[in-house]
Amino acid sequence: MLKIIARILRVLNSETAPAQIAAAVILALFMGLSPLGAPHNLFLLLLVLVLRVNLSLFIVCFAIFSGIAWLLDPWAHALGLALLQAEALQGVWTALYNNGFWRFLGFNNTLTLGTTFAALVLSVPLYFAVTWGVRNYRQHVLEYVRRSRIMLAFKSNKWGRRFYSIYSTLDR
Amino acid sequence: MSQWIRWWGLGLFLLIVLIIWLGTNPLIKWSIESAGSQAVGAKVELDSVSFSFNPVTLELERLQVTNPAEPMRNSVEAGRIELALDGFALLRRQFIAENMAVEELRFNTERERSGDIGGRTLSRERREARRAEAEAEDFDISRILPGLELPDPSAIVAEERERLQGRISELDQEAAAIERDWEERIRELPDRDTVDGHRARLDEIGDMDRLRRAAATRELRDDINDDLDRVRSLRERMREDRERVGELQSRARAMPGEEASRLMPATGLGDGFEGITRQLLGEELSTWILRGLEAYEMASEQLAGRRAEEEDPRPPRGEGEYIRFPEDDPLPRFLIKRAALDGVFDMAGNPIDFDGRIENITHEPAIWGRPMTLNIDGRGEGGAELAVNGSFDHRESPSRDELEFSLERFSFSDATISDSSRLPIILEQSQADFDGNLVVTEGRLDSTLNSRFTGARFNAGAGDGGDVIDRLARAIEGVDAFNMELGLGGTLRSPEIRLRSDLDRIIGNAIGDEARRELAQAREALEEELQAELRPQVERLAERERQLEAYQEQIEERRTALRDIRP
């Protein structure tokens with residue numbers, strides 16, 4: 001666990017592009033909110049592994065979003081149901097339903113559609129929030145923390161030294 | 001570009017896909033076993049599963065479905081099941097099998113290890129239902145045999161008290177309403193003052209001159225006639241009401257006798273031994289029938305669409321719900337178009353080799369538009385022939401299932417008819433012909449099964465059952481041919497079983513007068529107990545009748561007085 005946190009901090013403190021960090025969070029958002037067995041998750045997994053997104057950050061965010069998805073399950077179901085029953089969208093859904101590819105993706109599952117729609121809506125603001133946050137962290141917070149007394153105290157603590165040693169190892 | 005691509009990630013992804021590919025068969029095996037165990041309430045096991053993509057087929061080797069009531073036995077066992085699947089439909093999340101072959105199908109086979117899952121995957125409701133079922137099975141037929149334990153009248157009355165009180169209180173309430181009605185109605189009766197008034201007017205008329213006397217007499221006669229009309233109407237009504245209260249009272253007085261006659265057969269001790277066969281054989285038959293109906297209900301729910309109607313509207317967490325939209329060529333989510341079966345059905349120790357076809361197996365028959373049909377033919381040793389034909393139509397409400405079956409020249413050997421400790425009955429040998437039908441309309445049962453047994457040889461009794469039991473055992477052993485007619489009514493959940501047989505007469509004749517006297521005494525004791533229980537209510541009814549009698553005396557007295565003074 002310490003290693004994962006150290007990795008995340010390393011990424012935040014490194015020169016990694018904020019867009020890459022945001023991509024990891026967004027992919028974790030889609031995969032974490034969707035039911036695990038949803039077919040589109042296989043495609044997302046391919047993206048996570050092939051694209052140079054940070055895996056540690058992805059794993060932590062995936063765990064967090066999966067927990068949120070479990071808590072919000074009834075609302076996601078209700079959202080998906082409302083979308084699938086919306087009168088104006090019946091033509092679209094019927095056309096997709098009669099197409100094998102979309103049926104395979106399970107778009108007509110209330111939870112799959114509800115969570116995917118929620119992830120789509122959240123992904124844009126989340127992307128900008130993460131990139132803005134990473135930039136601001138690097139410009140204003142990082143140097144301040146490095147020089148702060150708290151950090152000095154942390155480094156002198158047994159657990160802090162251990163964490164810092166892991167962090168430093170990742171640096172090499 | 002290379003800044004964004006992680007090539008080893010592609011390798012890892014391919015490795016994950018390969019692992020999923022290799023894990024398909026174990027995953028399917030696990031899915032079938034866990035879903036099956038959950039549905040049955042006991043272990044469902046497979047030796048192996050083989051799924052191939054070209055052509056898309058699924059092969060299951062040695063499917064075992066444990067009998068939840070007997071975990072060391074399988075309800076069903078199939079040596080091999082092969083399904084030819086529609087691959088495109090699978091991608092559309094539909095399990096459509098053009099053909100299914102079920103080979104080496106057997107029932108009630110022994111297991112090597114217990115298939116009990118200890119209720120681990122069962123819901124609380126199902127666990128409780130199973131416990132209740134196990135308690136219900138704790139029954140010994142010897143408790144209801146004549147001469148063993150005659151019923152305790154007090155116990156029967158205590159058991160029936162609420163119902164009896166309800167019945168008699170209905171009678172009393174009706175009588176009380178009549179009595180209350182008369183408390184009001186009697187005020188309409190001309191009172192004594194009115195009669196005295198008429199009498200005074202009559203006296204005055206005697207002193208009048210002729211002209212005035214004629215007019216006054218006419219006027220008095222009219223008034224008295226009016227009063228007499230009222231009295232007549234009340235008298236008529238009283239006659240009807242007294243008749244009704246008398247009838248209610250008679251019914252109350254007759255109730256102990258009627259109830260004794262009704263309750264004695266319910267304990268298995270009716271006069272003339274009508275239904276003794278039902279008592280002797282009914283427990284085993286009931287067990288077979290209830291198990292059969294349970295299996296039928298489960299199969300019907302799973303295969304013919306009833307379960308789909310009862311689904312909880314809220315899907316389980318993490319699963320969601322698949323919404324349907326109009327399709328050009330709609331298909332159910334699960335469909336087996338044709339299934340060919342072959343196997344062995346073991347009945348009373350005799351195997352019957354059968355083969356047959358089931359068509360249109362689906363849990364969404366309304367979408368598929370065709371009912372499930374079943375045709376099975378079988379042959380057994382000694383030329384026994386089995387034929388079963390049926391259709392299960394759940395396309396629309398009311399659902400209707402029809403099944404016709406016949407089994408001819410079937411040889412019984414060492415079939416346990418009753419495993420009572422006091423009166424075990426074994427049919428050592430017999431040949432039988434059965435034919436019947438079963439119709440289930442929206443859960444309501446209507447079925448008959450006729451059977452004719454010839455060349456029967458019974459072995460009955462354990463030798464220490466007492467005089468009556470011994471005579472009963474000898475009577476049964478003397479039977480070499482008999483008929484039985486089994487009827488089913490009620491519902492699947494609460495079936496009513498009727499059994500008629502000429503064994504009743506044979507056994508009744510053999511048991512003799514002594515047992516009949518014993519039963520007559522038991523009936524008398526029960527009737528006396530019932531009389532004592534119902535006496536207060538019967539007396540209250542008599543009291544109400546006496547009150548009506550008093551009212552009637554008043555009516556008669558006024559009537560006589562008015563007629564006496566009418567000029």
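This report describes a predicted model, beginning with its chains A and B and then turning to particular helices, strands and residues.

## Chain A as a whole

Chain A is built from helices, for its secondary structure comes to 10 helices and 0 strands, and read along the sequence it follows the pattern α-α-α-α-α-α-α-α-α-α. Of its 172 residues, 42% count as buried. When contacts in chain A with a separation of 6 or more are considered, residues 24 or more positions apart account for 76% of them.

The surface that chain A exposes comes to about 9600 Å², and carbon and sulfur atoms supply 71% of that area.

## Helix H5 of chain A

Helix H5 of chain A covers residues 73-85, and its 13 residues, at 1.5 Å a residue, should span 18 Å; the C-alpha atoms at its ends are 18 Å apart, which agrees with that expectation.

The buried residues of H5(A) are A:Asp73, A:Ala76, A:His77, A:Gly80, A:Leu83 and A:Leu84. They cover an arc of only 130 degrees around the axis, and therefore they lie on the same side of H5(A).

## Chain B as a whole

Chain B has both kinds of element, with 13 helices and 13 strands in its secondary structure. It has 567 residues, and buried residues make up 40% of them. Among the contacts in chain B between residues at least 6 apart in sequence, 65% join residues at least 24 apart.

The exposed surface of chain B is about 31100 Å², of which 49% is supplied by carbon and sulfur atoms.

## Strands E3, E4 and E5 of chain B

Strand E4 of chain B (residues 95-110) pairs with two strands that are described here. With strand E3 (residues 70-85) of chain B, E4(B) runs antiparallel, and 11 bridges join the two; within this pairing, B:Leu85 has B:Ala97 of E4(B) as its bridge partner. With strand E5 (residues 334-347) of chain B, E4(B) pairs in the parallel sense over 9 bridges, and here B:Asn99 stands opposite B:Arg338 in E5(B).

Strand E4 of chain B also holds B:Glu104, whose phi is near 55 degrees, a positive value in a residue other than glycine. Most residues other than glycine have a negative phi. B:Glu104 has a relative accessible area of 51%, and because the limit for an exposed residue is over 50%, it counts as exposed.

## Strand E9 of chain B and the loop before it

Strand E9 of chain B, which covers residues 400-419, contains B:Ser413, and B:Arg409 has its place in strand E9 as well. B:Arg409 has a positive phi of about 50 degrees although it is not a glycine. At 35% relative accessibility, B:Arg409 counts as partly exposed, and B:Ser413, at 32%, also counts as partly exposed. The C-alpha atoms of B:Ser413 and B:Gly349 are separated by 6.9 Å, although these residues are 64 residues apart along the chain.

The loop between strand E8 (385-393) and E9 of chain B is where B:Pro398 is found. A cis peptide bond joins B:Ser397 to B:Pro398, with omega at about 0 degrees.

## A second cis peptide bond in chain B

Another cis peptide bond joins B:Asn54 and B:Pro55, where omega is about -5 degrees. B:Pro55 has its place in the loop between strand E1 (44-53) and strand E2 (56-67) of chain B. Most peptide bonds are trans.

## B:Arg185 in helix H5 of chain B

Helix H5 of chain B covers residues 153-185, and B:Arg185 is found in it. The relative accessibility of B:Arg185 is 16%, and because residues under 20% are classed as buried, B:Arg185 counts as buried.

The side chain of B:Arg185 makes a polar contact, at 2.5 Å, with the side chain of B:Asp181. When residues up to four places away in sequence are not counted, B:Arg185 touches B:Leu234 and B:Arg237.

Methods
Residues are numbered from 1 along each chain as its sequence is written. Chains are lettered from A and ligands numbered from 1 in the order in which they are written. This is a predicted model: local features need pLDDT of at least 70, side-chain atom pairs count only at pLDDT 80 or more; totals for chains, interfaces and linings use all residues. Side-chain values use heavy atoms; hydrogens and water are left out. Helices (H or I, at least four residues) and strands (E, at least two) are DSSP runs, numbered from the N terminus. The expected span of a helix is 1.5 Å times one less than its number of residues. Buried means under 20% relative accessible area, exposed over 50%, partly exposed in between (1.4 Å probe, protein chains only). The arc is that of the directions from the helix axis to the C-beta atoms. Contact means heavy atoms within 4.5 Å. Accessible areas come from the Shrake-Rupley method with a 1.4 Å probe; for residues, only the protein chains shown count as cover. Two strands pair if DSSP finds at least two bridges between them. A polar contact is a pair of N or O atoms within 3.5 Å; within protein, one must be able to donate a hydrogen and the other to accept it, and residues adjacent in sequence count only if both atoms are side-chain atoms.
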